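Please look through the structure shown below with two topics in mind, its pockets and its strand pairings. The report takes the pockets before the strands.

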Amino acid sequence: MTSAVSMSRRSSIDSMFTTASQFEPITLEDRIRITFEIANILQKQEFLRKLVKALMLYGAPAHRLEYILRQVSRTLGVDAEYVYIPNVMFLTFFDQSTHTTETHFIRCPQNFDMHKLGEIFRLEKLVSHGEVSVDEALEFIDKVADEPPFYPIWLNPIVYAIASFCGCVMFYGGQFKEGGLSAALAIFFALYELFTGRYVSFQPIWEITVCIFIGFVSRAVWRYEFCFTP
């Protein structure tokens, strides 16, 4: 009886002083493999974060953001979930092996760049079909971000004015005076958009304020026989 108790005590004491050398050592090949696997996972997560920011920055439709990211995540084999609210995207990466999660909070103003958005959409399709690697995708996103604007900024008011004038005359039965007023309001809209892009404090309210201003102007000129109804 005494010997059994002493043996149990000895085994418990030995277990307290168990060292890593008593286990099977990790080989160099295993260390390299684990390192590459971790680096690959982190690289995929970095690509998804950059993809989110690029889509938001270049004006991707809000209702398409979560769908696009889920498609890319499924192709890359990344277990992630996305929640989008105006100007903010929440990314959560899940690790089933360690039962941990990692959440990222990405805030980016909604701008619009048709050329760069088209390039990012093309990249997203290639990644979703597995035609490019993550390394190439990361390099391409950085290249698109460093490119100068395809269209000069001063061209925006002109394009807005032409589009507004043609839309008023063709679709709303307006005459030239209504079209001219629409073009003037479009120029104001474009200039106000450029102004608010330089000041972050105006970005949350610029859409509301410009809509209120255009609405009041349109209603005020009603008495001067301006009509936008066919």
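## The largest pocket

In this predicted model, the largest pocket has a volume of about 1,200 Å³. Its lining is made up of 34 residues, and those that lie nearest the centre of the pocket are Leu57, Asn111, Phe112, Asp113 and Glu193. Two or more lining residues come from each of helix H2 (28-57), helix H4 (114-128), helix H5 (134-146), helix H6 (155-171), helix H7 (176-198) and helix H8 (206-220). Of these elements, H7 gives the most to the lining, with five residues.

Sorted by class, the lining of the largest pocket holds 19 nonpolar residues, together with seven polar and eight charged ones. Where does the largest pocket lie with respect to domain 1 (30-146) and domain 2 (154-222)? Because both domains give residues to the lining, the largest pocket lies between them.

## The second largest pocket

The second largest pocket has a volume of about 270 Å³. It is lined by 14 residues, of which Ile41, Gln45, Val78, Phe94 and Asp95 are the closest to its centre. At least two lining residues are supplied by each of H2, E2 and E3, and H2 is also among the helices that give two or more residues to the lining of the largest pocket.

By class, the lining of the second largest pocket comprises five nonpolar, five polar and four charged residues.

## The paired strands

Strands E2 and E3, which supply residues to the lining of the second largest pocket, also pair with each other: E2 and strand E3 (residues 100-107) run in the antiparallel sense over eight bridges. Within this pairing, Met89 has Ile106 in E3 as its bridge partner. The two strands form a hairpin with four residues between them, and His99 in the turn has a positive phi of about 55°.

E2 (residues 88-95) is also joined to strand E1 (residues 80-85), by six bridges and again in an antiparallel arrangement. Here the bridge partner of Tyr82 is Leu91 in E2. E1 and E2 likewise form a hairpin, with two residues between the strands, and Asn87 in its turn has a positive phi of about 70°. When the side chains along these strands are inspected, one general point may be kept in mind: in a regular strand, side chains alternate between the two faces of the sheet.

Methods:
Residues are numbered from 1 along each chain as its sequence is written. This is a predicted model: local features need pLDDT of at least 70, side-chain atom pairs count only at pLDDT 80 or more; totals for chains, interfaces and linings use all residues. Side-chain values use heavy atoms; hydrogens and water are left out. Two strands pair if DSSP finds at least two bridges between them. On a 1 Å grid over the protein atoms alone, a cavity is a set of points where a 1.4 Å probe fits but cannot get out, and a pocket is an open set with protein on both sides within 12 Å along at least five of seven lines; lining residues have an atom within 4 Å of a point. Grid points are joined across faces, edges and corners, and a volume is the space filled by probe spheres set on the points. Ala, Val, Leu, Ile, Met, Phe, Trp, Tyr, Cys and Pro count as nonpolar, Asp, Glu, Lys and Arg as charged, and the others, Gly among them, as polar. Domain bounds come from an automatic or database domain assignment.
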